[in-house]
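Hi,

Here is the structure I promised to pass on to you. Have a look at it first, and then read on for my notes on the side chains.

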Amino acid sequence: MVFVTGDTHGDWKSRLNRYVFPEGVELTKDDYVIVCGDFGIWDDSPREHANLDWLENKKFTTLFVAGNHSNYDILDNLPVEEWHGGKVNFIRPSVIHLMRGQIFDINDRSFFTFGGASCHDIPDGVLEPDDERIENWYKMRKMFRINHLSWWERELPSEEEMEEGLKNLAAHDHKVDYIITHSPCSSILEQMDGYPDFYAKDYLTDYLDEIKNTTEFEAWMFGHMHVNVSFEEEKCHCIFDEIGRLE
């Protein structure tokens with residue numbers, strides 16, 4: 001079985017415990033829970049490691065794509081390995097990062113994955129770690145982040161990652177069963193509450209729009225927006241704290 005949920009931000013114990021997710025008790029490591037970005041690889045702290053160990057000890061395997069709140073200094077320095085037909089990083093033996101632009105064969109179903117998104121919570125900008133304004137800005141409750149501590153330029157993909165995604169889709173005749181991303185595509189973003197003042201399009205959402213218009217798929221799941229809403233006619237589903245099973 002394959003389940004999908006949205007942003008967990010490292011709080012796996014709340015989202016995936018036996019009371020909230022009772023199905024997990026009966027699963028095996030050949031069953032999967034996919035997190036649509038902002039999974040929680042953040043600060044390499046003892047707390048984070050302990051929570052990852054808790055997750056590793058669950059009966060199922062956890063998969064995730066990267067988000068905008070992901071520590072890319074950690075992810076980009078992990079070994080790249082092959083798993084079920086695509087490139088991955090192993091966080092734990094059964095906690096696995098599905099890299100951008102890959103297609104995976106999971107339980108006889110194909111999944112195209114593309115993590116990342118633009119932060120929409122930094123209207124005051126990004127400061128360097130040695131910037132003298134940081135303490136005052138915290139006191140002033142400005143909405144900002146700190147480069148390589150709470151924000152990473154790699155939240156948006158490289159040209160090489162986007163080209164690899166298109167190449168892999170072409171090799172599969174532009175057909176997959178499921179698409180898993182963190183960001184929505186531009187045409188869906190325009191339908192979300194807050195657009196255009198809060199949610200702005202970018203080259204990633206435009207790229208995902210190109211994929212949407214050229215790829216045959218059964219369903220597209222994305223996170224990032226912290227709501228649960230479906231766009232049925234377009235087969236696109238924004239998921240946050242729900243846990244849905246893929247049929």
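Below are my notes on ring pairs, charges over rings and salt bridges.

Please keep in mind that this is a predicted model.

**Aromatic pairs**

I began with the rings. Searching the whole structure turns up 13 aromatic pairs. One of them joins Phe114 and Tyr207, whose ring centres lie 5.0 Å apart with 50 degrees between the planes, a tilted arrangement. Phe114 belongs to strand 8 (residues 109-114) and Tyr207 to helix 7 (residues 203-214), so this pair ties together parts that are 93 residues apart in sequence. Both Phe114 and Tyr207 are buried.

Phe217 and Trp220 make another pair: with centres 5.8 Å apart and planes at 75 degrees, over the 60 degrees that marks the class, the two rings are edge-to-face. Phe217 has 6% relative accessibility and therefore counts as buried. Trp220 is buried too, at 1% relative accessibility.

You may also like to look at Phe3, Phe21 and Phe60, which ring pairs link into a cluster.

**Charges over rings**

Which residue lies over the face of Phe217? It is Lys235, at 5.0 Å from the ring centre. Phe217 thus appears twice in these notes, as it is also the ring paired edge-to-face with Trp220. Elsewhere, Lys142 lies over the face of Trp137, and here the distance from the ring centre is 5.0 Å.

**Salt bridges**

How many salt bridges does the structure hold? There are ten, and I picked out three to describe here.

Let me start with Arg100 and Glu161, which form a salt bridge whose closest N and O atoms are 3.0 Å apart. This pair links distant parts of the chain: Arg100 is in the loop between strand 6 (95-98) and strand 7 (102-106), while Glu161 is in helix 5 (residues 159-171), and the two are 61 residues apart. Are these partners buried or exposed? Arg100 has a relative accessible area of 6%, which means that it is buried. Glu161, at 14% relative accessibility, counts as buried as well. The pair also belongs to a network of salt bridges that links Asp76, Arg100, Arg154 and Glu161.

Next come Lys139 and Glu135, a salt bridge with its closest N and O atoms 3.6 Å apart. Both residues sit in helix 4 (residues 134-139), four residues apart, so about one helical turn separates them. Lys139 is exposed, with 61% relative accessible area, and Glu135 is exposed at 53%.

Finally, Glu234 forms a salt bridge with Lys212, and 3.2 Å separates the closest N and O atoms. Here again distant parts of the chain are linked: Glu234 lies in the loop between strand 13 (229-231) and strand 14 (236-238), Lys212 lies in helix 7, and 22 residues separate them in the chain. With a relative accessible area of 22%, Glu234 is partly exposed, whereas Lys212 is buried at 15%. Helix 7 will be familiar from above, since Tyr207 of the tilted ring pair is found there.

If you would like to follow these notes in the model, you could begin with the pair Phe114 and Tyr207 and then turn to the network that includes Arg100 and Glu161.

Best wishes, and enjoy looking through it!

Conventions:
Residues are numbered from 1 along each chain as its sequence is written. This is a predicted model: local features need pLDDT of at least 70, side-chain atom pairs count only at pLDDT 80 or more; totals for chains, interfaces and linings use all residues. Side-chain values use heavy atoms; hydrogens and water are left out. Rings of Phe, Tyr and Trp (its six-membered ring) pair if their centres lie within 6.5 Å; planes under 30 degrees apart count as stacked, over 60 as edge-to-face and the rest as tilted. Buried means under 20% relative accessible area, exposed over 50%, partly exposed in between (1.4 Å probe, protein chains only). A charge sits over a ring if NZ of Lys or CZ of Arg is within 6 Å of the ring centre and within 35 degrees of the ring normal. A salt bridge is a side-chain nitrogen of Lys or Arg within 4 Å of a carboxyl oxygen of Asp or Glu.
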